[in-house]
Amino acid sequence: MASVARQSFGFAVLLFVLLLALFWSRAAVYPLAVEQIGGSDVPLGRLLGRLTLGAPFVEPLVLFAILSANALLAASIVNRMMLFGVRNYLPIVFYAVVACGVFIPGNMIVLLTASLLVMSGADGFVAGQGRGASLSLMLRGALLIGSAGLVYAPATVFAVLIPAAVYFFRMGKRYLVVGVVGGVLPLLFCSYVYWAIGKGFTTPSVEIFQAIFDGDFEGGFLRGWGIGRVVFLGILLLNTIFSLATLTMRNLVRDRARRTTGFFVFFFVLTLLLFLLPGPAGMNFVFVALPLSVILPAWYVKYSGWFPTLLFILLLASAVFTNLEPFLS
């Protein structure tokens, strides 16, 4: 039986488009209560919300472009760094399933923009490793990740990726200093602008802190979930466990591959901290999808046969059933 990991780029893109079409159709016709949430009350989040309100017909195109960029970045990292020894395009499919298969929040333009900033920053860290480690790539990545918190406040947690990149990619102290300064610069610039127009210098920092803890623990993780979502989450958890176990057992020959996979496992653990914050937990899958789309192919590259194929089909089928369930009832 052919390996799931050997699917072509065209097949992965076709699945990506079909899955997104289904997920968005369900969200448009049968939105869940926990999906009806407003934009993030932080400087760039508010600005982004006003821009999309002024041109609602542009928003679907922007959403599709950002989703495509994130999926292609994940596939690019896996193949450019040869993480699993063979070229594969499963990250494209996994990203669509995890990011949009559970919830499609009402402020998804804000969430996806923040996720693109985080993923682009992580890609810069990965590209900047090795003997020719680049200070400019470290600075670019830190600037992007630092900006994410101004778009969506909980994304501030990903600032931890800056020292993590220095550790996993064995960069020196100079890179840590450049990274920390780059991560803080967006907030300092925003604070200066606020001060220049007569507001308090610390206003952006206060707004971010308040936005992180805005809301309550309203059971958003379970509210509105049918049996389909519970099954989907169980199968996704099984896939994640198998892939993490494969990474611990797999002897990666390339040192850069070991560092990169270690960095993305840490990235995945960091995304789980978002579930400890108030608000609907379903929103967090937009960020969980970023490292998971890089990690999940490990299981399917190492193992082939009927069981991995069945697990892959079940993951897709549960996501499809979850979104078809409202139409069938």
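A salt bridge is a side-chain nitrogen of Lys or Arg within 4 Å of a carboxyl oxygen of Asp or Glu. The legends below apply this term to a predicted model.

**Figure 1. The salt bridge between D123 and R80 in the predicted model.** The closest N and O atoms of D123 and R80 are 2.9 Å apart, which meets the cut-off of 4 Å because a salt bridge requires the nitrogen to be within that distance of the oxygen. D123 belongs to helix α5 (residues 108-127) and R80 to helix α3 (residues 59-80), so the salt bridge ties together parts that are 43 residues apart in sequence. D123 is buried, at 11% relative accessibility. R80, with a relative accessible area of 37%, is partly exposed.

**Figure 2. The salt bridge between E207 and R46.** The closest N and O atoms of this pair lie 3.1 Å apart. Distant parts of the chain are linked here: E207 sits in helix α9 (residues 203-212) and R46 in helix α2 (residues 43-54), with their positions 161 residues apart in sequence. E207 has a relative accessible area of 17% and counts as buried because that value is under 20%. R46 is partly exposed, at 25% relative accessibility.

**Figure 3. The salt bridge between R258 and D255 within helix α11.** The side chains of R258 and D255 meet at 3.1 Å, taken from N to O. Both residues lie in helix α11 (residues 255-272), where they are three residues apart, or about one turn of the helix. R258 is partly exposed, with 39% relative accessibility. D255 is also partly exposed, at 24% relative accessibility. Through salt bridges that share partners, R170, D255, R258 and R259 are joined into one network.

**Figure 4. The helical setting of the close-up views.** The protein contains 14 helices and zero strands. Buried residues account for 52% of its 329 residues. Of the contacts between residues at least 6 apart in sequence, 82% join residues at least 24 apart. The accessible surface amounts to about 14500 Å², and carbon and sulfur atoms contribute 71% of that surface. Five salt bridges are found in a search of the whole structure, among them the pairs D123 with R80, E207 with R46, and R258 with D255. Side chains of opposite charge can pair when their charged atoms come close.

Methods
Residues are numbered from 1 along each chain as its sequence is written. This is a predicted model: local features need pLDDT of at least 70, side-chain atom pairs count only at pLDDT 80 or more; totals for chains, interfaces and linings use all residues. Side-chain values use heavy atoms; hydrogens and water are left out. Helices (H or I, at least four residues) and strands (E, at least two) are DSSP runs, numbered from the N terminus. Buried means under 20% relative accessible area, exposed over 50%, partly exposed in between (1.4 Å probe, protein chains only). Contact means heavy atoms within 4.5 Å. Accessible areas come from the Shrake-Rupley method with a 1.4 Å probe; for residues, only the protein chains shown count as cover.
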